[in-house]
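Morning, everyone. I have one structure to walk through today. Please look at the picture first.

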Amino acid sequence: MDTVIHATNIKKIYSNKTVLNGVSLDLIPGEIVGLIGPSGAGKTTLVKIIMGMESTNEGEVAVLGTKMPNRAVMTKIGYMAQSDALYDNLSGKENLKFFGQLMGVTGSKLDKAIAHAADVVNLTDDLGKRINNYSGGMKRRLSLAIAMIQDPDVLILDEPTVGIDPELRQQIWAELYSLKEQGKSVLITTHVMDEAERCDRLALIREGITLAAGSPKALKQEYQVNTVEDVFLKAGRLQDENSSNR
Ligand SMILES: Nc1ncnc2c1ncn2[C@@H]1O[C@H](COP(=O)(O)OP(=O)(O)OP(=O)(O)O)[C@@H](O)[C@H]1O
């Protein structure tokens, strides 16, 4: 099957610090893959490299069969950054309209997309408010709606549910599953272990490498633990032991 995201042997060095040291990652259609790892592990850096927003020192990325960076392909990816990039003086609806048009969605298709995306993130009643009146969680929700606005085949979501209450998180996951059923692919970074459990596959990034990868079930079996959180902890401990024995 064709890969939607194909990242091979990615190395990234920031001012003498090796953040990623040969990380590879593939995503196929209809798959939700979670990137997990401690704070500062390089998850956002990897996501930005996949998007073509950050350069690599080594390695290559192809998205939808095209080598990145590529401006045309970028517009086919629904991207939600870790920090919200919204127009504070515009309303929620105006933001959705602006970004939708930027992605080439217009007319009644845009109206429908705005209504659907706002519904998924429960912002329908707040669309007329200006962003400077939105809470942090509302801004995250609007950013997620923007990422979905052009109905992309690939969604890359960097900690999309931070500041979002559990009920709405369920609703968002229901939407992600529905997108998966339609054959779309989702790459998601998260610190929320309950979300990690819901992914088809996980890649645990730590100290610049992919420490463990596989389905939540396979990882739990491999590490003989009951939760993904314990996989994360055990894999980290083993890595520390191995590096102190060297
Ligand atoms: N533009 C930059 N210049 C220099 N160092 C950077 C830059 N961006 C990130 N870093 C460093 O790279 C490392 C990885 O950062 P990154 O944001 O990718 O981690 P993360 O896994 O996404 O963390 P978190 O879970 O906290 O979001 C960190 O040590 C960070 O300080």
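I will take the sheet, then one helix, then the ligand. Keep in mind that this is a predicted model.

Start with the sheet. It is open, and it has six strands. The order is E6-E7-E8-E3-E9-E10, and the pairing is mixed. Which strands stand at the edges? They are E6 and E10, residues 209-214. Each has a single partner strand, so one side of each is left without a neighbour in the sheet. From one strand to the next, the twist averages 15°.

Now look inside the sheet. E7 and E8 run parallel, joined by five bridges. Isoleucine 156 stands opposite leucine 187 in E8.

Next, helices on the sheet. H5 packs there and touches E6 and E7. Its direction makes about 170° with that of E6. H8, residues 216-223, also packs on the sheet. H8 touches E9 and E10, and its direction makes about 110° with that of E10.

Stay with H5. It covers residues 136-148. From first C-alpha to last it reaches 19 Å, close to the 18 Å expected. Is H5 enclosed or open? Of its 13 residues, 11 are buried, so H5 is largely enclosed by the rest of the structure. Among the buried ones are Met138, Arg140 and Leu144. What covers them includes E6, E7, and helices H3, H4 and H6.

Last, the ligand. Residues around it include Tyr14, Lys43, Thr44 and Gln82. Which helix gives the most to this shell? Helix H1, residues 43-51, with three residues. By class, the shell has three nonpolar, eight polar and one charged.

Note on methods. Residues numbered from 1 in each chain as written. Predicted model: local features only at pLDDT ≥ 70, side-chain atom pairs only at ≥ 80, totals over all residues. Helix = DSSP H or I, 4+ residues; strand = E, 2+ residues; numbered from the N terminus. Expected span 1.5 Å × (residues − 1). Buried ≥ 20, exposed ≤ 12 C-beta atoms within 10 Å, placed from the backbone. Contact = placed C-beta atoms within 7 Å. Near = placed C-beta within 6 Å. Nonpolar A, V, L, I, M, F, W, Y, C, P; charged D, E, K, R; others polar. Pairing = 2+ DSSP bridges. Axes fitted to C-alpha atoms, helices over the stretch in contact; angles between N-to-C directions.
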